[in-house]
Amino acid sequence: MTTNPMHQFAVYKLGPEIKIAGIDLSFTNASLFMLLSAVSICGVLFLGTKEKKIIPDRFQLISELFYNFIAKMINDTAGSKAKPYFPFIFSLFMFVLFCNMLGMLPYSFTVTSHIIVTLIMAIFIFFAVTIIGFLKHGFGYLKLFVPSGVPVVLLPLITVIEIISYLSRPVSLSVRLFANMMAGHTMLKVFGGFVISLGVLGGWLPLGFSVALTGLEILVAFLQAYVFAILTCIYLNDALNLHH
Amino acid sequence: MANHDDFKTRLKIAKKRLKISSEDQGNNQNSSSMGSAFKLSTDLVAHVAVGTIIGFILDSWFDTKPWLIIIFFFLGSVAGILNVIKTAKQMQEKDKF
């Protein structure tokens with residue numbers, strides 16, 4: 001029996017080792033769960049859009065719900081100019097949500113509890129937003145670092161502070177998702193371990209706690225996907241509608 | 001006169017509907033405020049961390065060992081607190097509507 005609460009985060013190879021040009025590209029359990037979430041997203045959306053009924057069935061209802069949710073979120077936070085980026089934000093949200101939710105199943109692996117996965121997504125968003133900003137505004141995008149209405153004496157200080165604040169975006173975006181998922185799953189495992197070690201007599205209290213925590217974790221899994229997507233929208237809004 | 005009454009009842013129904021939908025939005029805001037709580041807490045830490053990392057890198061570039069890391073640690077803290085104030089102001093503006 002594995003009582004180590006960190007054991008669930010171990011990445012191991014499935015199948016043979018694949019090495020291309022010195023880079024380890026073996027198929028791991030992390031790749032399996034990324035693939036699973038991508039396949040289940042495609043499955044849900046395929047079933048949801050196969051028959052366009054007036055009275056929707058479950059899959060159609062849930063696909064329409066997701067679509068409306070993201071469309072409303074983009075419209076509220078980034079305005080109509082961000083409409084072309086809908087597919088990107090939609091797939092980002094769905095991927096993070098399904099990775100988090102698949103991680104809630106027993107014996108499964110949570111892809112988003114690894115910082116490398118979340119950091120890669122956050123860095124991609126960071127560079128994409130920066131490139132979009134420079135494409136839309138040219139060097140005028142640098143005005144983001146020079147807020148208007150600041151005394152000239154304070155300007156260098158404020159500019160440095162704004163640059164720090166811009167550079168900390170990918171860090172906070174990735175650390176938030178990773179830390180929440182990892183902390184939650186570790187806590188679940190620790191309470192699960194208490195149930196085993198306290199036995200039939202004392203195990204009921206931690207068992208109740210783990211039931212409550214599972215509910216909380218499902219909320220956090222959804223909320224983190226939501227926060228990840230809405231922050232992407234906010235960053236996109238900064239890049240598209242440059243104003244102070 | 002009947003027409004007038006008809007209009008009144010229709011107005012009442014419409015107002016009730018509006019109220020329900022605004023209550024819905026209140027519910028929605030609850031989850032988004034929890035989201036911004038997550039955002040604020042990590043943002044504060046991330047700003048300090050990024051400021052310190054920048055100070056560390058600049059220190060090893062210019063060989064001014066302890067000074068830039070100290071300065072940038074405080075700049076990072078200032079940036080974090082400013083960011084929290086900015087987000088709080090935005091949240092307050094949203095609440096006005």
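In chain A, which has 244 residues, 29% of the residues are buried, and I should say at once that what we are looking at is a predicted model. Along its principal axes, the C-alpha trace of this chain spans about 70 × 50 × 45 Å. If we take the contacts in chain A with a separation of 6 or more, 64% of them are between residues 24 or more positions apart.

Let me turn to the secondary structure. Chain A has 6 helices and 2 strands, and, read along the sequence, these elements follow the pattern β-β-α-α-α-α-α-α.

I would like to begin with helix α1 of chain A, residues 29-50. How far apart should the ends of this helix be? At 1.5 Å a residue, its 22 residues should span 32 Å, and since the end C-alpha atoms are 31 Å apart, the model agrees with that expectation. Which residues of α1(A) are buried? They are A:Ala30, A:Phe33, A:Ser37 and A:Gly48, and because they cover an arc of only 65° around the axis, they lie on the same side of α1(A). These buried residues pack against two other helices of chain A, namely α2, residues 58-78, and α3, residues 86-103. On the other side of α1(A) we find exposed residues, and these are A:Leu35, A:Val39, A:Cys42, A:Gly43, A:Phe46 and A:Lys50.

Next comes a pair of helices further along chain A. The axes of α4, residues 115-137, and α5, residues 155-202, come within 8 Å and cross at roughly 150°, and the crossing of α4(A) and α5(A) is right-handed. On the α4(A) side the residues that meet α5(A) are A:Ile115, A:Thr118, A:Leu119, A:Ala122, A:Ile123, A:Ile125 and A:Phe126, while α5(A) brings A:Arg169, A:Pro170, A:Leu173, A:Ser174, A:Leu177 and A:Phe178. Sorted by character, the residues of this contact of α4(A) with α5(A) are 10 nonpolar, 2 polar and 1 charged.

Finally, let us look at where the two chains meet. The contact takes 15 residues from chain A and 19 residues from chain B. On the chain B side, α1, residues 2-62, and α2, residues 65-96, each supply at least two residues of the side that touches chain A, and α1(B) gives the most, with 13 residues. As for the character of that side of chain B, its residues divide into 10 nonpolar, 7 polar and 2 charged.

Key
Residues are numbered from 1 along each chain as its sequence is written. Chains are lettered from A and ligands numbered from 1 in the order in which they are written. This is a predicted model: local features need pLDDT of at least 70, side-chain atom pairs count only at pLDDT 80 or more; totals for chains, interfaces and linings use all residues. Axes are lines fitted to C-alpha atoms, for helices over the stretch in contact, and angles run from 0 to 180 degrees between N-to-C directions. Helices (H or I, at least four residues) and strands (E, at least two) are DSSP runs, numbered from the N terminus. A crossing is left-handed if the near helix is turned anticlockwise from the far one by less than a right angle, and right-handed if clockwise. Two residues are in contact if their C-beta atoms, placed from the backbone, lie within 7 Å. Ala, Val, Leu, Ile, Met, Phe, Trp, Tyr, Cys and Pro count as nonpolar, Asp, Glu, Lys and Arg as charged, and the others, Gly among them, as polar. A residue is buried if 20 or more other C-beta atoms lie within 10 Å of its own, exposed if 12 or fewer, and partly exposed in between; C-beta atoms are placed from the backbone. The expected span of a helix is 1.5 Å times one less than its number of residues. The arc is that of the directions from the helix axis to the C-beta atoms.
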